[in-house]
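Trainee: Could you take me through one part of this assembly closely? I would like to see how one chain is built and how it sits against its partners.

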Amino acid sequence: MNAIIFSALAGVVMMYSGIITSKKTVIKYIAAIALVVLIAANLLQVYGIWQISVDTRDMLSFEKFGLVFNTLAFTATLIYVLLSGKEIENAGVNVAEYFALIFFVLCGVSILSSFNGLLMMFLGIEILTIPLYILTASDKRNLRSNEASLKYFLMGSFSTGIMLMGIALVYGATGSFALHTNAPVALSATGGIKASFLEVAGMILMFVSMAFKVSAAPFHFWTPDVYDGAPGVFTSFMATVVKAAGFIAFIRLFEGHTAILGPTWKILLAFVIVATLLIGNVTAVFQQSVKRMLSYSSIAQAGFMLFALYSSNDMAKEGLLLYSVAYSLATIGIFAVLIKLKDYAFDDFNGLGKTHPALAFATTVCLLSLAGIPLTGGFFAKYYMLASMVKEGGPLWLLIVAVLFAAVSVYYYFRVIQAMYFKEGTPSVQTEITSGFKAGMVLLAILIILLGIAPSLVLNLFYF
Amino acid sequence: MNWPFLLLDAADNNSVANYFPIGIQLIFAAGFVATMIGVSQLLGPKRKTADKLETFASGIENHGDARQPVAIKYFLVAILFVLFDVEVIFFYPYAVNFRELGWSGFGAVLMFVSFFLIGFIYIIKKGALKWED
Amino acid sequence: MPIQYYIYLCLALFSIGIIGVLTRRNAIVVFMCIELMLNAVNLLLVAFSKMHHGAALAIDSTTKAGIDGQLFVFFIMVVAAAEVSVGLAIIVMMYRNTHSVDINFLNRLKN
Amino acid sequence: MSTIQILFFFLTALALFSAIMVLVSKNPVHSVLWLIVVFFAISGHYVLLNAQFLAIVNLIVYAGAIMVLFLFVIMLMNLNSEAEPRKHIWMKMAGVISGGCFLMVLVSLVRQATDMQQRTALMGSGNVGLIKNLGKALFSDYVVPFEISSVLFLSAMVGAIVIGKK
Amino acid sequence: MSKLVYLVPLFPLLGFLINGLGRKSLSKTMVGIVGSGAILASFIVSLCIFFDVKEHGATVVNLFSFIRTESFSIPFAFQVDQLSSVFLLIITGIGFLIHLYSSAYMHEEPNEHFGRFFAYLNLFVFSMLLLVLGANYVIMFIGWEGVGLCSYLLIGFWFKNDNYNYAAKKAFVMNRIGDLGFLLAVFWLLFKLGTVTYGDVFANVAQLSTFDITAITMLLFVGAMGKSAQLPLYTWLPDAMAGPTPVSALIHAATMVTAGIYMIARSNILYTLAPATQTVIAVVGLATAIFAATIALKQNDIKKVLAYSTVSQLGYMFLGLGVGAYTGAVFHVMTHAFFKALLFLGAGSVIHAMHHEQDIRKMGGLKKYMPVTHITFLLACLAIAGIPPFSGFFSKDEILMAAYGKNPLYYYIGLGGALMTAFYMFRLYTMTFLGNFRGTHEQQHHLHESPSAMTIPLIVLAILSVAGGWIGIPDVMIEHGHQLEHFLAPVFAESAKLAEHHHLEASTEYMFMGVSTVAIIIVIILAVNAYRKYQDNGAENTGLGKVLENKWYIDELYDAVIVNPLNALAGFLKNVVEKSGIDGVVNGVGRLVGYGSRQLRLLQSGQVGNYILVMVLAMVVFVLIWFNDQTIMDFLSKIF
């Protein structure tokens with residue numbers, strides 16, 4: 001509860017910070033402080049020291065898993081604000097509002113990590129997405145930003161409609177919005193399905209809608225366009241913290257239902273995973289813009305995170321936490337550098353290795369982590385996902401496909417590394433690169449490597 | 001439910017039939033308007049001239065389309081109206097249960113209102129409700 | 001009323017909404033069709049709520065079963081209002097820049 | 001056939017017809033008006049189901065506020081019926097067919113759903129839909145989502161300022 | 001002592017950090033001292049560990065846990081046993097010499113590059129040590145990927161040239177293909193046994209079905225094929241010559257390419273239980289040995305010849321693994337490390353002296369200018385050719401003997417390869433060091449012996465190349481001769497129990513040794529004769545015309561029957577099979593992905609309507625699939 005309340009309050013504070021002061025840097029520091037307070041408040045609850053106790057009537061349940069995720073998401077946001085704060089300041093006139101919206105999103109994140117019923121899930125998702133529509137549109141004069149937000153909005157509300165239909169059908173079958181209920185059993189003629197038809201149909205619709213939110217194929221279409229069109233600094237946030245939260249909600253929603261859904265569920269999920277991996281990885285190969293490449297790569301990474309849903313056991317949940325952190329940090333790092341460049345093309349990175357070796361090093365570590373190269377966080381994250389699937393007895397061909405596409409992914413990540421180190425040119429750095437930023441990036445890289453050497457650091461939080 | 005007892009049912013609390021008088025009233029109102037228009041059409045004299053068919057603009061010659069695009073700043077006000085309109089909806093069930101809910105309900109509503117008030121003050125400070133600038 | 005009638009009605013309205021989203025090009029109309037979908041869901045939820053309520057009444061005359069469905073509808077309406085205000089703001093912004101609300105022209109971002 | 005049944009079928013037909021009219025009207029203003037009719041029909045259904053509070057809210061929020069906003073926007077843009085170029089015919093066909101498929105699949109599913117076969121919705125009576133009862137539940141069991149929804153409004157307000165203000 | 005094993009990889013890591021961070025501020029001397037010193041320190045610790053293991057036997061050192069949760073645990077543990085300690089010595093020992101050599105060889109590079117180069121080298125050694133020391137397949141994979149990554153960085157070190165760039169990428173892609181196999185094997189093990197720790201895996205192999213074992217070993221072998229450059233994944237290795245010469249030496253001699261051998265030797269028990277895989281390995285190894293040797297016959301780039309020779313020698317090692325001669329393979333890794341490092345460093349010395357000229361047609365007569373390089377190079381050539389009592393003889397002989405025991409055909413083909421090896425090595429030697437100098441006058445003017453930092457490693461390696469084989473003298477020659485085998489015996493004990501023993505008569509063995517030695521000597525004489533008076537007349541082999549003056553009828557015959565067909569074959573293999581076959585397939589896969597990418601991009605039409613249409617259709621399909629699952633399951637079960 002701490003997280004929800006404090007993030008909402010922090011949002012309010014940020015709204016007014018824009019009225020009190022017009023200094024953008026001050027606003028940024030207020031946001032950073034608010035984030036620190038938020039993390040502290042959440043940690044107090046994680047360790048059971050202090051919490052605002054509210055009788056939620058079983059609508060929210062605060063478990064270790066969700067609370068740890070909150071901590072990780074807030075920390076990632078803090079890192080994001082520290083690294084990309086300059087760009088948020090320059091994103092437009094309403095800096096305070098952007099921060100306020102980010103805090104509202106975090107409020108949605110903390111609801112999604114603790115909901116215990118479909119009503120709270122719905123509200124959480126809406127609180128998460130509505131600010132995102134606005135952030136996507138924040139570059140008002142830019143037609144690409146306009147278009148991205150309109151697309152995002154139309155498709156997002158369409159998927160909300162689908163989700164609501166799913167919720168309604170489940171409600172019809174079970175008479176409750178609680179997460180873990182068993183519907184009256186109705187056998188089909190073939191005896192294949194145990195649950196009520198309506199419930200299963202509702203679950204499918206909810207699955208479709210959640211798949212949309214986490215951009216799993218074939219519901220991923222909004223992702224490249226929206227991530228590409230949105231201002232880079234907000235894409236960074238959307239592609240990381242928000243996406244991870246989507247997965248947390250996804251797994252919370254479905255983990256108790258796999259029994260009802262029966263074996264077909266796994267087949268469908270496997271199909272979705274393969275399609276996601278295929279589209280994400282293969283389409284990323286020939287992109288001309290790094291930003292767009294990263295949005296496809298985020299689809300590809302989503303394919304890996306879906307394995308957590310596939311196996312849906314304790315190990316998968318642990319792995320999902322690790323994956324979220326490793327993926328979020330790496331993506332935030334790359335975007336932090338990317339948005340300092342003039343354009344988003346590969347060539348903009350040319351020669352970065354020479355002119356800014358520290359930045360290039362940090363970016364390389366981030367890219368390696370995304371590619372899943374050992375000794376970076378990304379390796380164990382991927383390993384965890386696949387191992388959890390293996391433990392659950394998943395099919396071998398799925399494993400092969402996953403590893404195969406992981407190999408393909410290396411290609412496009414390495415294009416950036418190649419541009420940085422092996423190509424001549426001067427990187428078109430637009431914003432001034434301060435030594436603080438460099439230090440931050442190097443620290444981030446060290447953090448990622450640390451995650452690759454001792455992932456227990458994160459996972460032990462889970463078992464504290 | 002039978003036709004003759006509809007009005008009797010209406011006396012019974014909490015049922016659809018409560019709405020029967022409202023329905024009758026609606027029908028009567030609509031019927032009255034329709035009748036009046038029809039009757040005036042039938043009875044009134046009909047003489048059509050070009051001047052008569054023109055839009056009446058208090059004697060001034062009219063020009064252009066009546067549907068001029070509205071200035072965009074009013075739009076913001078309209079949006080904010082919707083938001084506050086929905087807020088009022090929340091008070092409706094509270095008002096009905098005001099006594100029973102006691103202090104805890106009051107606290108809840110107070111919190112909600114304060115959130116809205118925060119929003120309202122924010123909007124004012126931002127100058128979103130200023131019509132001229 | 002058999003609940004199936006309601007389900008059919010709501011599915012039909014929902015599908016009409018989907019068809020509208022698929023066939024219309026005006027962003028505002030598309031958005032209206034999405035609102036139609038939400039309304040179909042609302043009606044379905046209320047019908048289910050009454051179904052569960054009716055079933056529970058047979059056992060317990062003071063039951064409040066089914067009230068959650070109606071409250072859910074209430075929240076959907078509330079959320080829809082917020083969503084509409086943001087959505088229309090986006091559409092208006094788009095219109096101010098391009099003087100068009102045709103979603104087929106939204107193709108700067110592709111491939 | 002009882003009154004309720006008659007009203008049910010009348011409102012159903014009205015809702016479906018108006019919904020289709022929303023689709024086929026060339027002029028967006030007409031679409032809005034037809035949609036308002038749909039909302040009235042749905043409110044009628046709420047009344048039939050004795051969900052009085054929702055009937056009122058539906059009228060106030062949807063027909064009263066949201067649709068007015070829609071109308072306002074359309075007026076603002078001065079969109080005429082010709083302003084919207086028609087979609088490709090095959091694109092339309094594809095849309096109609098896939099929407100139809102969706103409907104067919106779900107309907108056939110509902111027909112097979114044995115647990116829905118004998119169920120009925122309680123018409124006319126039942127007091128859960130009354131303002132008093134809903135209000136009690138809203139301010140006791142549902143107080144958390146109630147408060148949380150205010151966050152949603154705040155973000156919508158901020159959004160309106162960010163996007164709508166020059 | 002074994003507890004200190006963590007120091008072995010730690011020193012190179014520290015060297016990497018110091019050189020990497022301080023590459024701008026540190027002087028070249030400092031960088032060299034730090035870089036080489038780190039490896040030297042590792043070498044000293046490795047020596048201690050070696051003796052410790054010899055004394056007290058193997059242990060597993062648990063350092064910490066990567067992951068330790070309730071459901072899952074991956075310890076970070078080091079396997080300290082006979083096999084790893086031998087590899088440690090090879091890696092750190094040879095690695096140190098190469099580092100030392102590099103400090104002189106790379107001296108012309110700008111300061112920053114110099115630091116970066118040493119940082120990469122240290123990282124490379126670190127990864128390799130991790131690979132060898134890891135006590136489970138995950139750590140091995142970490143090192144495995146690490147060496148691939150470092151080789152990418154090092155090969156691309158001179159990145160101004162686009163070709164290097166391409167080579168670096170190719171090396172990486174081919175390694176990735178191999179890694180894929182490795183990773184799948186690891187997951188398969190996890191899938192079947194629930195563990196990837198060596199001790200547990202090897203203890204529980206009995207639980208695996210024959211199919212599982214075969215599949216796992218095959219997949220692991222695919223990994224080895226990529227890393228150790230076997231057919232068809234070998235083309236990156238010759239291309240990797242783009243990197244600076246010490247890197248080539250490091251890749252070819254001490255580290256990277258031996259990773260595959262190590263891995264299979266480490267998993268020997270699995271392979272012993274999978275005879276089908278063993279046969280595949282033997283055949284692939286043999287084919288690679290012959291194939292690469294044939295190509296090497298015609299190469300004119302000094303480094304390319306050595307590169308193909310490495311591929312060929314690796315083929316022998318795999319042959320050894322395939323026929324169950326694990327000790328022999330490890331032995332050959334060791335001796336090969338000595339003489340191949342020597343050859344590369346010698347070549348580097350030549351290239352250094354020739355001002356980056358690598359074409360042997362433009363060399364010749366370097367004997368008198370570079371005496372140390374010449375002598376050491378000659379010794380290395382003798383060693384690789386397999387002349388007793390040089391080191392290569394013993395190791396190659398052991399492998400070939402074991403191959404004979406398995407299938408005499410292996411032996412004969414292998415011997416053919418050995419003859420070719422002798423031929424091309426001496427062709428290389430003769431064209432480089434004998435005859436007249438064929439380069440420009442300016443080059444001739446500047447010819448000089450390399451500095452002592454370069455020659456000292458050469459001398460040390462030369463001594464090792466000569467004497468290194470003496471720890472593995474076969475038992476038939478002297479009593480308790482094969483000390484290496486006795487030392488390694490515990491590692492291969494399980495396999496030895498299962499494997500069938502072929503004991504050759506001592507007399508047979510002597511006969512084979514004699515025959516092969518004589519044949520090799522004849523080939524060497526032929527090669528020296530054929531190329532001693534080589535003149536670069538533009539066209540190739542016309543130099544033979546002068547040889548014909550000697551009226552050696554046999555030369556003519558030899559020319560017509562052997563040299564020309566072999567040259568043609570070499571050209572064919574190089575140009576057709578390698579370029580359009582293997583590279584073609586690799587490029588084809590790339591093109592396929594590219595094509596798919598372009599097609600998939602069209603799906604992203606930018607139209608919201610289309611997007612939603614696909615969503616709706618997918619939804620319909622999902623519902624249909626779900627509610628017809630029985631039918632679909634039946635259908636699927638029919639397909640699979």
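**A close look at chain D**

Mentor: Happy to. Let us start with the record: in an unreviewed entry, UniProt gives the annotation "transmembrane region" to residues 6–24, 31–49, 55–77, 89–110 and 142–163 of chain D. What we have in front of us is a predicted model, so let us set the confidence beside that annotation. The whole model scores ipTM 0.91 and pTM 0.87. Chain D itself has an average pLDDT of 87, and 93% of its residues score at least 70.

Two of the annotated stretches can be compared with the coordinates. Residues 55–77 of chain D are 100% helix and 0% strand, with 31 Å between the end C-alpha atoms. Residues 142–163 of chain D are 95% helix and 0% strand, and there the end C-alpha atoms are 32 Å apart.

Now the division of the chain. Chain D splits into domain 1, residues 3–128, and domain 2, residues 130–166. Taken over C-alpha atoms, the centres of these two domains of chain D are 25 Å apart. Where they touch, four residues of domain 1 of chain D are in contact with four residues of domain 2 of chain D. On the domain 1 side, that contact is made of two nonpolar residues, two polar residues and no charged ones.

Next come the partners, beginning with chain C. The contact between them takes 60 residues from chain C and 68 residues from chain D. On the chain C side, helix 1 (3–23), helix 2 and helix 3 (67–98) each supply at least two residues. Helix 3 of chain C gives the most to this side, with 21 residues. By class, the side of chain C that touches chain D holds 43 nonpolar, 12 polar and five charged residues.

One helix pair in this interface deserves a closer view. Two packed helices are described by the angle between their axes and the distance between the axes. Here the pair is helix 2 of chain C, residues 27–57, and helix 3 of chain D, residues 52–77; their axes come within 12 Å and cross at roughly 175°. Angles over 145 degrees count as roughly antiparallel, and therefore helix 2 of chain C and helix 3 of chain D are roughly antiparallel to each other. From helix 2 of chain C, the contact is made by Ile28(C), Met32(C), Glu35(C) and Val46(C), while helix 3 of chain D brings Leu54(D), Ile66(D), Phe70(D), Val73(D) and Ile74(D). Sorted by class, the residues of this helix contact are eight nonpolar, no polar and one charged.

On to chain E. Nine residues of chain D are in contact with nine residues of chain E. The chain D side of that contact has six nonpolar and three polar residues, with no charged ones.

For context, here is how two other chains look. Chain B has a mean pLDDT of 79, and 71% of its residues reach 70 or more. Among the elements of chain B, helix 1 (residues 6–11) has the lowest mean pLDDT, 50, and helix 5 (residues 98–126) the highest, 90. UniProt, again in an unreviewed entry, lists residues 20–43, 74–95 and 101–124 of chain B as "transmembrane region". Residues 20–43 of chain B are 100% helix and 0% strand, with end C-alpha atoms 34 Å apart. Residues 74–95 of chain B are also 100% helix and 0% strand, and their end C-alpha atoms are 31 Å apart.

Chain A averages a pLDDT of 88, and 96% of its residues score at least 70. Over residues 182–193 of chain A, however, the pLDDT is below 50, and this stretch has 21 contacts in the model beyond near neighbours in sequence. If you check backbone geometry, have a look at the loop between helix 7 (197–213) and helix 8 (222–229) of chain A, where Pro218(A) is placed. A cis peptide bond joins Ala217(A) and Pro218(A), with omega at about 0°. Ser215(A) lies in the loop between helix 7 and helix 8 of chain A too, and Ser215(A) has a positive phi of about 55° although it is not a glycine.

Terms used: Residues are numbered from 1 along each chain as its sequence is written. Chains are lettered from A and ligands numbered from 1 in the order in which they are written. This is a predicted model: local features need pLDDT of at least 70, side-chain atom pairs count only at pLDDT 80 or more; totals for chains, interfaces and linings use all residues. Two residues are in contact if their C-beta atoms, placed from the backbone, lie within 7 Å. Ala, Val, Leu, Ile, Met, Phe, Trp, Tyr, Cys and Pro count as nonpolar, Asp, Glu, Lys and Arg as charged, and the others, Gly among them, as polar. Axes are lines fitted to C-alpha atoms, for helices over the stretch in contact, and angles run from 0 to 180 degrees between N-to-C directions. Helices (H or I, at least four residues) and strands (E, at least two) are DSSP runs, numbered from the N terminus. Angles under 35 degrees count as roughly parallel, over 145 as roughly antiparallel, 65 to 115 as roughly perpendicular and the rest as oblique. UniProt positions are given in the numbering used here, feature names are shortened, and annotations may be inferred rather than shown by experiment. Domain bounds come from an automatic or database domain assignment. pLDDT is the predictor's confidence in each residue, from 0 to 100.
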